[in-house]
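User: Hi! I would like to go through this chain with you and ask what stands behind the words we use for it. Could you show it first?

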Amino acid sequence: MSEKFKHNRRKFEYQGRTIYEWEQSIEEINIFFQPPPGITSKMIACEITPTKLILGIKGNPPFIN
């Protein structure tokens, strides 16, 4: 990422816990999240389309919608 467009990470917190962080430029966005302990990659539900992002744990409401 170009230093010209580099920004600090921003946080979304809920009940004192960071749910996810993101940083973005004109050209891209990076999203970071730390799943709860015991959650494996196979348990994560993720859908990315040109108009939406849904991220969560299968069988539960998404963290991001």
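Analyst: Gladly. Contact here means heavy atoms within 4.5 Å. Among contacts in the chain between residues at least 6 apart in sequence, 7% join residues at least 24 apart. This is a predicted model, in which local features need pLDDT of at least 70 and side-chain atom pairs count only at pLDDT 80 or more, while totals for chains, interfaces and linings use all residues. Residues are numbered from 1 along each chain as its sequence is written, and side-chain values use heavy atoms, with hydrogens and water left out.

User: What makes up the secondary structure of the chain?

Analyst: There are 0 helices and 5 strands, so from the N terminus on the elements run β-β-β-β-β. Helices (H or I, at least four residues) and strands (E, at least two) are DSSP runs, numbered from the N terminus.

User: Which elements have the lowest and the highest mean pLDDT?

Analyst: The lowest mean belongs to β2 (86) and the highest to β4 (93). pLDDT is the predictor's confidence in each residue, from 0 to 100. The chain averages 85, and 89% of the residues score at least 70. Where pLDDT is low, the predicted coordinates should not be read in detail.

User: Why is S25 called buried?

Analyst: Buried means under 20% relative accessible area, exposed over 50%, and partly exposed in between (1.4 Å probe, protein chains only). S25 has a relative accessible area of 12%, so S25 is buried. S25 sits in the loop between β2 (17–24) and β3 (29–32). Across the chain, buried residues make up 14% of the 65 residues.

User: Why is A45 called partly exposed?

Analyst: The relative accessible area of A45 is 29%, therefore A45 counts as partly exposed. A45 belongs to strand β4 (residues 44–48). Leaving aside neighbours within four places in sequence, A45 is in contact with I54, L55, G56, I57 and K58.

User: And what makes P62 partly exposed?

Analyst: P62 is at 35% relative accessibility, so partly exposed is the right word for P62. P62 lies in the segment after β5 (53–57). Apart from neighbours within four places in sequence, P62 is in contact with I54, L55 and G56.

User: How far apart are the C-alpha atoms of A45 and P62?

Analyst: They are separated by 8.1 Å, with the two residues 17 apart along the chain. For P62 and I44, 18 residues apart along the chain, the C-alpha separation is 9.7 Å.
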